[in-house]
Amino acid sequence: MCLATVMRIDKLNGNTAECSAPGISAKVRTDFIENPEPGDYVMIHAGFAIDKVTEKDAEENALLMEEMRNVLRQQ
């Protein structure tokens with residue numbers, strides 16, 4: 001099973017973006033989204049940005065991911 005995650009675009013270099021989320025960073029391809037810009041939040045899957053998301057959705061996703069980490073730490 002694969003899990004997509006939400007990250008923020010920090011820098012762009014052609015069709016490659018440097019992205020970050022709490023505790024992680026990655027270089028991803030942006031071929032599948034229109035007009036990527038630094039500051040955009042994107043859904044990342046298998047090394048590709050597959051959709052833009054709102055800042056509100058990105059914040060909610062970060063909270064859910066933190067909840068999952070906390071549950072896993074308790075096991």
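Three short exercises with worked solutions follow.

The model is predicted; local features need pLDDT of at least 70, side-chain atom pairs count only at pLDDT 80 or more, and totals for chains, interfaces and linings use all residues. Residues are numbered from 1 along each chain as its sequence is written, and side-chain values use heavy atoms, with hydrogens and water left out.

**Exercise 1.** Find which strands supply at least two residues each of the largest nonpolar core.

Solution. Step one: list the core. It has 10 residues: M7, I9, A17, C19, A21, V28, I33, V42, I44 and A49. A nonpolar core is a set of buried Ala, Val, Leu, Ile, Met, Phe, Trp, Tyr and Cys residues joined through side-chain atoms within 4.5 Å. Buried means under 20% relative accessible area, exposed over 50%, partly exposed in between (1.4 Å probe, protein chains only). Step two: assign strands (DSSP E runs of at least two residues, numbered from the N terminus). β1 (5-13), β2 (16-21) and β4 (41-45) each qualify. β2 gives the largest share, 3 residues.

**Exercise 2.** Describe the pairing of β4 with β5.

Solution. Strands pair if DSSP finds at least two bridges between them. Here 5 bridges join β4 to β5 (residues 48-53), and the strands run antiparallel. H45 stands opposite F48. The hairpin has 2 residues between its strands.

**Exercise 3.** Locate N35 and A46, and state whether each is buried or exposed.

Solution. N35 lies in the loop between β3 (24-29) and β4. Its phi is positive, about 50°, although N35 is not a glycine. N35 counts as exposed because its relative accessibility is 58%. A46 sits in the loop between β4 and β5. A46 is not a glycine either, yet has a positive phi of about 55°. At 64% relative accessible area, A46 is exposed.

Definitions and conventions
Helix = DSSP H or I, 4+ residues; strand = E, 2+ residues; numbered from the N terminus.
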